[in-house]
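Let's go through the labels on this model one at a time and ask what earns each of them.

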Amino acid sequence: MATAYILFNKLAGNADSLALAKNLETTIPDTAKLLDVTEISDYPAFLARLDKDDYIILAGGDGTLNRFANNVADLDLTHEVLYFPSGTGNDFAHDLGRTTADTPFSVTEHIRNLPSVTVKGNSYRFINGVGYGIDGYCCQVGDEQKKQQNKKVNYTAIAIKGLLFHYKPTTATVTVDGTTTTYKKAWLAPTMNGRFYGGGMMPTPDQVRDCGTLSTMVFHGSGKLKTLIIFPSLFKGAHVKHTKHVAVLNGKEISVAFDRPVALQVDGETILDVSSYTAKAAAVPQASVASIAH
């Protein structure tokens, strides 16, 4: 009989992930084992002890999915991997039209072939996107608040205060497949594999996941008040109508450099003091090209 290994993140979903994972344990027909994903230090050894018919259920948010995807990126993953979205934002599930955590669904193919980003000499796979600018700043401040308080972090409030008082825009140099453009007063310059990040923001509303190209959105050239007026439209993707201040660029390899170091986030995980990053789309398997075209 198959065993379902339920990997939960006790830090996801405001610490509710364990309770949700235990509830999930009672609903699946197979034998279940609960494991804290943050306590798995040797993934080759973990996968080696699974029997042929065993499978994995990831119970957590986008960060949990990102952590697992990076840890198995260079391994021969032969077991089915399901996902039970129980984080705070669940942008990956949202992008796939899975907005509830009622039934785990397969993500095996999604995590086998992910884009990568190189930051400060290190390479990471990413599920949703790489945030650079005030979104990275929000993650930085949010991390600091989490250390000081137990209540839920209000990222919208952090963004508004940052726009008005604390965050200063940069000059961004963006290179897409060899073509370079410079943008002054850049507030945001994320590169996306999906449409959503940051708990529902849609910086690149036309991006198709796993299509072989990535999209970068540059929010630039506006003052504080104008930026604050446009900013809420990010949640509906309507900001792209403001073509004077918003550019969306598509390509296979995208590099973004700022004229001063700022925080960057990869699927919500913060990296401080970043001057530049380079994102590369994953190659699309030939069998998938026809399905994307249709």
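Q: Buried or exposed: which word fits Phe92 and Phe105?
A: Buried, both of them. That means each has under 20% relative accessible area, where exposed is over 50% and partly exposed is in between (1.4 Å probe, protein chains only). Bear in mind that this is a predicted model, where local features need pLDDT of at least 70, side-chain atom pairs count only at pLDDT 80 or more, and totals for chains, interfaces and linings use all residues. Residues are numbered from 1 along each chain as its sequence is written, and side-chain values use heavy atoms, with hydrogens and water left out.

Q: How many aromatic pairs are there, and why is Tyr43 with Phe68 called edge-to-face?
A: There are ten aromatic pairs. Tyr43 and Phe68 have ring centres 5.9 Å apart and planes at 70 degrees, so edge-to-face it is. The rule asks for centres within 6.5 Å, and planes under 30 degrees apart are stacked, over 60 edge-to-face, the rest tilted (Phe, Tyr and the six-membered ring of Trp). Tyr43 sits in helix 2 (residues 43-48) and Phe68 in helix 3, 25 residues apart. Both rings belong to buried residues.

Q: What makes Phe92 and Phe105 a stacked pair?
A: The centres are 6.5 Å apart with 15 degrees between the planes, which fits the stacked class. Phe92 belongs to helix 4 (residues 91-95) and Phe105 to strand 5, so parts 13 residues apart in sequence get tied together.

Q: Which residues do ring pairs join into a cluster?
A: Tyr5, Tyr43, Phe46 and Phe68.

Q: How do you know that a charge sits over the ring of Tyr167?
A: The charged end of Arg260 is 5.3 Å from the ring centre. The test wants NZ of Lys or CZ of Arg within 6 Å of the centre and within 35 degrees of the ring normal, so the distance fits.

Q: Why do strand 2 and strand 5 count as edges?
A: Look at the order first: five strands make an open, mixed sheet, 2-1-3-4-5. Strand 2 (31-36) and strand 5 (105-106) each have a single partner strand, so one side of each has no neighbour in the sheet.

Q: What makes strand 1 and strand 2 a pair?
A: Six bridges join them, in parallel, with strand 1 covering residues 3-8. DSSP needs to find at least two bridges for a pair, so six will do. Ile6 is found opposite Leu34 of strand 2.

Q: What makes Tyr277 stand out in the largest nonpolar core?
A: That core has 44 residues, and Leu264 and Tyr277 have the most contacts inside it. Strand 14 (residues 253-266) is its top contributor, with six residues. A core here is a set of buried Ala, Val, Leu, Ile, Met, Phe, Trp, Tyr and Cys residues joined through side-chain atoms within 4.5 Å.

Q: Why is Arg125 called partly exposed?
A: Its relative accessible area is 25%, which falls between the buried and exposed limits. Arg125 is in strand 7. Its C-alpha atom is 7.1 Å from that of Ala69, although 56 residues separate them along the chain. Beyond neighbours within four places in sequence, its contacts (heavy atoms within 4.5 Å) include Asn66, Asp74 and Val266.

Key:
Helices (H or I, at least four residues) and strands (E, at least two) are DSSP runs, numbered from the N terminus.
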